[in-house]
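User: I would like to learn how to read the features of a protein model, one at a time. Could we take the general idea first and then the case at hand?

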Amino acid sequence: MDKQEWNDNLTMDEPLRKRRRSEGYSMASSLVGPKLLFRHPDSLAAPIESDASIFHQRTELVTTSSTAKLADENVAPFLARHIPDQYGPLELRPDNRSDKPSMTNSRYCYRHRPDLKCRRQVDEPSMDYLQRELQTLPQSDQQGIAHVWSLFSAAPAKHRKLMLQGILAQCCFPQLSLISASVCELIRIDFLTALPPEISFRILSYLDTASLCRAAQVSRRWKSLADDDVVWHRMCEQHIHRKCMKCGWGLPLLERKQLRASRRQMEQRAAHWGVRNASPSSILSGDMRCWRESTDPGIASLDPPNSERRVSKRQSVPPTSLSEDDDYFKTKFRPWKEVYKDRFKIGTNWKYGRCSVKFFKGHTNGVMCIQFDDNILATGSYDATIKIWDTETGEELRTLRGHRSGIRCLQFDDTKLISGSIDQSLKVWNWRTGDCISTYTGHRGGVIGLHFDATILASASTDRTVKIWNFEDKSTFVLRGHTDWVNAVRVDTESRTVFSASDDCKVRLWDLETKTCIRIFEGHVGQVQQVIPLPREFEFEEHDVEYKNESNSTVSGDDPGVPGLSPSPKPSSFGPSFDGDRPAPPRYMLTSALDSTIRLWETSTGRCLKTFFGHLEGVWALAADTLRIASGAQDRMVKIWDPRTGKCERTFTGHSGPVTCVDLGDSCFATGSEDCETHRSDFTNVFLLQNMKTKV
C-alpha cells in the first residue's frame, strides 16, 4: 500500500474518531482516584513489526491522550463538585475546612437503614465478577466503562434518575429481562432491621408458630427479635386456655392472671428493647420485681407482694441472683418460647391422642368419684373408702375410713376434703393426715352430689333437695323444686347462684340471695346426671357473632330515646336481683344425661345451642374446660370433644365396666369405673401401652 492510500484511509477514519471522542469517553483514568477499579496495562500493544502496526499504535495513543484531556476538562469538575472529599483540591476538602458543607445527596434510601445514605458500597462477590468480565474487553473499552460507572457513582439522586431513565429507554427486551432479574434480588429489604423494635414486634406477632421459627433462621438480628419474650408472650396470650380465631389452635391451661401480670412487663420490654444500660428500677414497678422460685417444671408465674402463694408454673431464678446492676433484658425466668413449646407439644399430643396411662388398683368395689390436682389423686368407691394416691409413683398414700356406705361424691383443696355418702352424711377430712374433722347430717336420703367454693357448700341428695351450707356463719337452708333425685350441683360464688341436675330430666338455676329458682332448662329426655357451668373465659365464636347481630338489630316501634341522654340499662334476664353491679351467672353450661347426649346451653335465655352425639349409652360422667370436654358413659368409653364444633376428637377405651366418673386437667385426664380401677392418661410423658387403645 503506497503513501496516498494511507492518507485516504486516515481521512475516512477521521469522522469515526471524532465521534468516539465526543460520545464514548467521558472520563479519564486519572480522575478515578483511589476508587479506580481497573488498572491500565503498562504496554498497550505488541512490539512494532510493520508500518501498519506503528500507525494503529500511534492512533490509539492519540485517542487515549485526547480522551484523558477531554475528561480533565469536563468530568473533573463534576466529580469535584459532588464528591469533594475525594476529588476536590486539598485546601477545599471537608476535612480541611471549618464549615463542613452539606451533602448534596442527603436523601435517605429505602433499601437501607435510615442512618445510612444512598451511597452504598458494592459487595465483593459482585465486584469480583464485574472485574473479571471487564478484563476480557479491550483496554480502551475498560476505560470507558469505568468512566461511566464513576460518573454514576458521583451523581446525586436527581442525576442518577435521569441517567437510568435514559439507559432504560434504549434497552432492548433481553436487557430489560436482565435488569428485572437483577432488581428482584436487590430490591429485597431487611425491614425488621430498619424498623423500630416496637413495630418489628407488632409485625412478628401476626405470624404463626411455624413462620416465627423460620424467621428466626434468617439472621442473628431476626433471631433476636423472633425469639424475644415480647413476641412469644403474645403468642401464649393468643393460644393458651383458648381457641385462636385465626388458626383454630388452643393450648392447655395457663392461668390467665399470670399472662396479665406479665403483659405490662412485655410492653416495657418492647419499648426499651435494645437499650442495654437501662436500670430495672426505671422500667419495672416495685410489685413486679418480686420473684419466687418455681415448684413446677411446666410453666412460670409472677406473684405480687403480700399475696397468697400460688403454685408457680414458670421457672424463675432464685431471688438472690437478681440485682439492680443486672441487665434487666436478660431473661430471668424461663423464656415464653419454651413455655409455648412445652404447651404446644402437649396440645399436639391431645390432638393425636398420644398419652401414657397409669393404673391405680386398690378399691374392692366400683369407683364412683374422682379428683386430681398436681401429683395428688383422690378416689371414692362403693367400698365406703376414700384413697389418696401419688400420681407420679402410683403409690397409695393413705385410705380414709369412716363412712358406713358407698361414697358417691368428693372434692378437695389444699386444706380439706369433703365427701358425700349413701349413708346420708357429709364428712370433712384432713386428707394429709387421714383424720375426720367433722360430720354433717341433714339430708333424709343419700348424698350423691356436692360442690364447694369459698365459704359455700352445696349438697344434692336422693331426697330431691339441694342443701346449702355456709362455713362462715354456720347457716343452712334447703332449695326445693326437683321432683326426683338430685344428682349434681355446682356453686358459682361470683354470682351467688347454684346449678342442679336431677332425674326429673331438668336442670335448675337457683339464686342464693332470694333462695328461689330463676331458670329451668328442659330438653333432655333422660335423667340428667351432670351439670357444669363453663368458665367465663370460654368463647363460642359462632354464637357470639349471632348474639352481636341480634344486639345490633333494631325492632320497628322501639323508642329511639331522647337525644343527648344515655339509654336506660337493660334489665337482667335473670331477674331484678341481678340489676346493677351484681355479676350474672356464667354464660354457658354443659349437661349430660342417660339419653346418651351432652348439651351446651346459654344460661341467659335457656336455649340449647348444641347437642353432642356419639355415646351409645347413658353419659354418667362429665368434665370440661375452655378447650375440651371429657365424658364417660355406660358404653365403657371416654370421649374427648371440641365444645365449639361438637366434634368428637378422640375416643379412649380400656375400662371393662361403665365409666362412672372423670376429671380433666390441662395435660391429663383421669377416669374411674365400676371395674374398680382408676386410669390416668398423661399427655406430657408419652409412651405406648398395650393396655390402652386409641381410635378416632
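User: Is strand E14 (residues 486-492) mostly covered or mostly open, and how many of its residues are buried?

Analyst: A word of care before the answer: this is a predicted model. A residue counts as buried when its relative accessible area is under 20%, and by that rule six of the seven residues in strand E14 are buried, so the strand is mostly covered.

User: Which strand does E14 pair with, and how do the two run?

Analyst: Strands of a sheet pair through backbone hydrogen bonds, either parallel or antiparallel. In this model E14 is joined by six bridges to strand E15 (residues 497-502), and the two run antiparallel. Within that pair, Ala488 stands opposite Ala501 in E15. The two strands form a hairpin with four residues between them, and Arg496, which lies in the turn, has a positive phi of about 55 degrees.

User: In what order do the strands of the open sheet E18-E21 lie, and which are its edge strands?

Analyst: In an open sheet, an edge strand is one that pairs on one side only. Here four strands are arranged in the order E18-E19-E20-E21 with antiparallel pairing; strand E18 (528-533) and strand E21 (607-613) are the edges. From one strand to the next, the twist averages 20 degrees.

User: How many bridges join strand E20 to E21, and what is the bridge partner of Leu600?

Analyst: Strand E20 (residues 597-602) and E21 run antiparallel and are joined by six bridges, and Leu600 has Lys610 in E21 as its bridge partner. Strand E20 also holds Glu602, which counts as buried at 2% relative accessibility. The side chain of Glu602 is joined to that of Thr605 by a polar contact of 2.7 Å.

User: How are the rings of Tyr340 and Phe344 arranged?

Analyst: For a pair of rings, one reads the distance between centres together with the angle between planes, and planes under 30 degrees apart count as stacked. The count comes to 15 aromatic pairs; one of them is Tyr340 with Phe344, a stacked pair at 6.1 Å centre to centre with 20 degrees between the planes. Because they are four residues apart in helix H15 (residues 336-352), the two residues are separated by about one helical turn. Tyr340 counts as buried at 3% relative accessibility, whereas Phe344 is partly exposed at 29%.

User: Which residues form an aromatic cluster with Trp350, and which charged end sits over its ring?

Analyst: Trp350, Phe652, Phe669 and Phe683 form one aromatic cluster. Over the ring of Trp350 sits the charged end of Arg628, 4.1 Å from the ring centre. A further case of a charge over a ring is Arg582, whose charged end sits over Phe578 at 3.9 Å from the centre of that ring.

User: What is the distance between the C-alpha atoms of Ala670 and Gln371?

Analyst: Separation along the chain and separation in space are read independently. Ala670 and Gln371 are 299 residues apart along the chain, and their C-alpha atoms are separated by 7.8 Å. Ala670 is found in strand E27 (residues 668-673) and counts as buried at 0% relative accessibility.

User: Which residues does UniProt list for "repeat: WD", and what is the make-up of residues 400-439 and 612-651?

Analyst: An annotation from a record is best set beside the computed geometry. In an unreviewed entry, UniProt lists residues 360-399, 400-439, 440-479, 479-520, 587-611 and 612-651 for "repeat: WD". Over residues 400-439 the chain is 0% helix and 60% strand, with the end C-alpha atoms 14 Å apart. Residues 612-651 are 0% helix and 52% strand, and there the end C-alpha atoms are 14 Å apart.

How values were computed. Residues are numbered from 1 along each chain as its sequence is written. This is a predicted model: local features need pLDDT of at least 70, side-chain atom pairs count only at pLDDT 80 or more; totals for chains, interfaces and linings use all residues. Side-chain values use heavy atoms; hydrogens and water are left out. UniProt positions are given in the numbering used here, feature names are shortened, and annotations may be inferred rather than shown by experiment. Two strands pair if DSSP finds at least two bridges between them. Axes are lines fitted to C-alpha atoms, for helices over the stretch in contact, and angles run from 0 to 180 degrees between N-to-C directions. Rings of Phe, Tyr and Trp (its six-membered ring) pair if their centres lie within 6.5 Å; planes under 30 degrees apart count as stacked, over 60 as edge-to-face and the rest as tilted. Buried means under 20% relative accessible area, exposed over 50%, partly exposed in between (1.4 Å probe, protein chains only). A charge sits over a ring if NZ of Lys or CZ of Arg is within 6 Å of the ring centre and within 35 degrees of the ring normal. A polar contact is a pair of N or O atoms within 3.5 Å; within protein, one must be able to donate a hydrogen and the other to accept it, and residues adjacent in sequence count only if both atoms are side-chain atoms.
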